[in-house]
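Here are some notes to read alongside the sequence and the model. Please keep the picture open and find each part as it comes up.

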Amino acid sequence: MNVEVTPLPGIGTRQDFMIRAGRRMGVITHRDGKFELIVSRKDDPDDCMASIAMTSAEAATLAGLLGGPQLVAHLQEQHRDVAGISTQQFPVVPGSRFDGSPLSETELRTRTGASIVAVVRANGVHPSPRPDFVFAGGDQVVVVGTADGLAAAGELLGGG
């Protein structure tokens, strides 16, 4: 995708790209930290057809929703040809055993043979989290391993 970045003096920047439907879709990042999701006409990027103002927390949540599934799909595609290896995503349930705990306390690799390769959170994707990474309720933990390892990881992260 060709993303065009346009400075907007006194406002911030606009980043947009052409979508298959024949419109431009993008984000205006304001200097004050606010965001706008925009849709404009193909032939005139300044002719905004729709605009949705978002706080930085709302934009981060949307980024997580859009980025998490793509990350998992990308990892699954990468491991497609590796016999016996799969990728799966597991939630950290708010209030569960690992909500607020560092990754090291799960001992997931030792206990299951599977590996945590990323954590998707509302504020974005955290690839290759370190042992001191602290989980939060609502996180999506991306795990790679064998079918047995993934099953054990799901049981462990689900409260096991």
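1. In the hairpin of E2 and E3, which residue takes a positive phi? The residue is Gly22, with a phi near 85 degrees, and the hairpin has 4 residues between its two strands. Please bear in mind, here and below, that this is a predicted model.

2. Confidence should be looked at before the details, and the chain averages a pLDDT of 82, with 84% of the residues scoring at least 70. Among the elements of the chain, helix H1 (residues 56–79) has the lowest mean pLDDT, 63, whereas helix H2 (residues 108–112) has the highest, 91.

3. For the overall plan, the secondary structure comes to 3 helices and 9 strands, and along the sequence these follow the pattern β-β-β-β-β-α-β-α-β-β-β-α. The chain has 160 residues, of which 31% count as buried. If one takes the contacts with a separation of 6 or more, 44% of them are between residues 24 or more positions apart.

4. Returning to the hairpin, strand E2 (residues 12–18) and strand E3 (residues 23–30) run antiparallel and are joined by 7 bridges, and within this pairing Gln15 stands opposite Val27 of E3. Strand E3 also pairs with E4 in the antiparallel sense, over 7 bridges, and here Gly26 stands opposite Ile38 in E4. E3 and E4 form a hairpin as well, with 4 residues between them, and Gly33 in its turn has a positive phi of about 95 degrees.

5. Strand E4 (residues 35–41) contains Ser40, which deserves a look of its own. Is Ser40 buried or exposed? Ser40 has a relative accessible area of 0%, so it counts as buried, the cut-off for that being under 20%. Leaving out residues up to four places away in sequence, Ser40 touches Arg23, Arg24, Pro45, Asp47, Cys48 and Met49.

6. Further along the chain, 4 strands form an open sheet in the order E6-E9-E7-E8, with antiparallel pairing. Strand E6 (86–91) and strand E8 (124–127) stand at the edges with a single partner strand each, so one side of each has no neighbour in the sheet. Neighbouring strands of this sheet are turned against each other by 20 degrees on average, direction ignored.

7. Inside that sheet, strand E7 (residues 115–121) pairs with E8 in the antiparallel sense over 4 bridges, and Ala118 stands opposite Pro127 in E8. Helix H3 (residues 147–157) packs on the sheet, where it touches E6 and strand E9 (140–145), and the direction of H3 makes about 5 degrees with that of E6.

8. Which residues have the most contacts inside the largest nonpolar core? They are Leu108, Ile116, Phe135, Val141, Val143 and Leu157, in a core of 16 residues. The elements that give two or more residues to this core are E7, E9 and H3, and the largest share, 4 residues, comes from H3. As background, nonpolar side chains tend to be buried together in soluble globular proteins.

9. Leu108 can serve as an example from this core, since its contacts may be followed one by one in the model. Apart from neighbours within four places in sequence, Leu108 is in contact with Gly113, Ala114, Ser115, Ile116, Val143, Ala153, Leu156 and Leu157.

10. Last comes the surface, where the accessible area of the chain comes to about 9500 Å², and 55% of this belongs to carbon and sulfur atoms.

Notes. Residues are numbered from 1 along each chain as its sequence is written. This is a predicted model: local features need pLDDT of at least 70, side-chain atom pairs count only at pLDDT 80 or more; totals for chains, interfaces and linings use all residues. Side-chain values use heavy atoms; hydrogens and water are left out. Two strands pair if DSSP finds at least two bridges between them. Axes are lines fitted to C-alpha atoms, for helices over the stretch in contact, and angles run from 0 to 180 degrees between N-to-C directions. Contact means heavy atoms within 4.5 Å. Buried means under 20% relative accessible area, exposed over 50%, partly exposed in between (1.4 Å probe, protein chains only). pLDDT is the predictor's confidence in each residue, from 0 to 100. A nonpolar core is a set of buried Ala, Val, Leu, Ile, Met, Phe, Trp, Tyr and Cys residues joined through side-chain atoms within 4.5 Å. Accessible areas come from the Shrake-Rupley method with a 1.4 Å probe; for residues, only the protein chains shown count as cover.
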